[in-house]
Amino acid sequence: MKKRVTLTFPKRAIQMPVTYRLAKDFNVAANIIRAQVAPNQIGKLVVELLGDIDQLDAAIEWMRSQHISVSHNLGEIVIDDDLCVDCGLCTGICPTEALSLNPETYQLTFTRSRCIVCEQCIPTCPVQAISTNL
């Protein structure tokens, strides 16, 4: 089973090898989608967890016991149509091809179901039309 979660680390837990512990102690694979971690600051990690349902539940319970906040509510990519100039720069960086240009109209098309909210498109946009509501 797969679960995509956002982990929020308190300052004191930032040095903890969480993905290692998930793999070793719970047999849960953690695919890191996005990370925002720095020493002595609150850290955020968006991960996709893969494992048996009981193992996933035990791993999530362990993380919460370590004062790591586990949230199942993920943000989404938002595209401001008024700002977007349909340049297509974001389409080249999107790993899942959730962003594409319509070959007939050359307008940007966003397929939300393919988006993994990796946010690689955000800094690529020259007019800052792409953001996240995370």
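# Close-up views of a predicted model

From the N terminus on, the elements of the protein chain run β-α-β-β-α-β-β-α-β-β-α-β. The model shown here is predicted, and the legends below walk through it one view at a time.

**View 1. The whole protein chain, with its 4 helices and 8 strands.** Let us start with the overall picture. The C-alpha trace spans about 50 × 35 × 20 Å along its principal axes. Of the 134 residues in the protein chain, 34% count as buried. About 8,200 Å² of the protein chain is exposed, and carbon and sulfur atoms supply 48% of that area. Among contacts with a separation of 6 or more, 63% come from residues 24 or more positions apart. As for charge, the protein chain has 12 positive and 14 negative charges, and their mean positions lie 11 Å apart.

**View 2. Strand β3 and its antiparallel partners, β1 and β2.** Strand β3 covers residues 43-50 and is mostly covered, with 6 of its 8 residues buried. With β1, strand β3 pairs in the antiparallel sense over 8 bridges. Two of the matched positions are worth finding: T6 has V46 as its bridge partner in β3, and T8 stands opposite K44 in β3. Strand β2, residues 29-36, also runs antiparallel to β3, and 7 bridges join the two. Here A35 has L45 of β3 as its bridge partner.

**View 3. The hairpin formed by β2 and β3.** Follow the chain from β2 into β3 and you pass through 6 residues between the strands. Which residue in the turn has a positive phi? That residue is N40, with a phi of about 60 degrees.

**View 4. Strand β1 where it meets β4.** Strand β1 also pairs with β4, again in the antiparallel sense, and 3 bridges join these two strands. T6 is a handy landmark for this view: T6 stands opposite S71 in β4, and T6 is also bridged to V46 in β3.

**View 5. K3 and its surroundings in strand β1.** K3 is found in β1, which covers residues 2-9. Is this lysine buried or exposed? K3 has a relative accessible area of 18%, so it counts as buried, the cut-off being under 20%. The side chain of K3 makes a polar contact with the side chain of D57, at 3.2 Å. Not counting residues up to four places away in sequence, K3 touches V47, E48, L49, I53, L56, D57, I60 and H72.

**View 6. I77 at the start of the range 77-79 that makes up strand β5.** With a relative accessible area of 2%, I77 is buried. Which residues surround I77, leaving aside its neighbours within four places in sequence? The contacts are F110, R112, C115, V117, E119, C121, I122, I130, S131 and T132. A further pair to look for is I77 and N133: they are 56 residues apart in sequence, yet their C-alpha atoms are 6.8 Å apart in space.

**View 7. I116 in the loop between β7 and α4.** The loop that holds I116 connects β7 (108-110) with α4 (121-124). I116 has a relative accessible area of 25%, which makes it partly exposed. Leaving aside its neighbours within four places in sequence, I116 is in contact with R4, I33, P95 and T96. V85 sits 31 residues from I116 along the chain, and the C-alpha atoms of the two are separated by 23 Å.

**View 8. Two loop residues with positive phi, N27 and H67.** N27 is found in the loop between α1 (18-26) and β2, and phi of N27 is near 55 degrees, a positive value in a residue other than glycine. Where does H67 lie? H67 is in the loop between α2 (53-65) and β4 (69-71). Although H67 is not a glycine, its phi is positive, at about 65 degrees. Are these two residues buried or exposed? N27 counts as exposed at 55% relative accessibility, and H67 is exposed with a relative accessible area of 51%. Both values can be set against the cut-off for exposed, which is over 50%.

Terms used. Residues are numbered from 1 along each chain as its sequence is written. This is a predicted model: local features need pLDDT of at least 70, side-chain atom pairs count only at pLDDT 80 or more; totals for chains, interfaces and linings use all residues. Side-chain values use heavy atoms; hydrogens and water are left out. Buried means under 20% relative accessible area, exposed over 50%, partly exposed in between (1.4 Å probe, protein chains only). A polar contact is a pair of N or O atoms within 3.5 Å; within protein, one must be able to donate a hydrogen and the other to accept it, and residues adjacent in sequence count only if both atoms are side-chain atoms. Contact means heavy atoms within 4.5 Å. Accessible areas come from the Shrake-Rupley method with a 1.4 Å probe; for residues, only the protein chains shown count as cover. Lys and Arg count as positive and Asp and Glu as negative; His and the chain ends are not counted. The place of a charge is taken as NZ of Lys, CZ of Arg, CG of Asp or CD of Glu. Two strands pair if DSSP finds at least two bridges between them.
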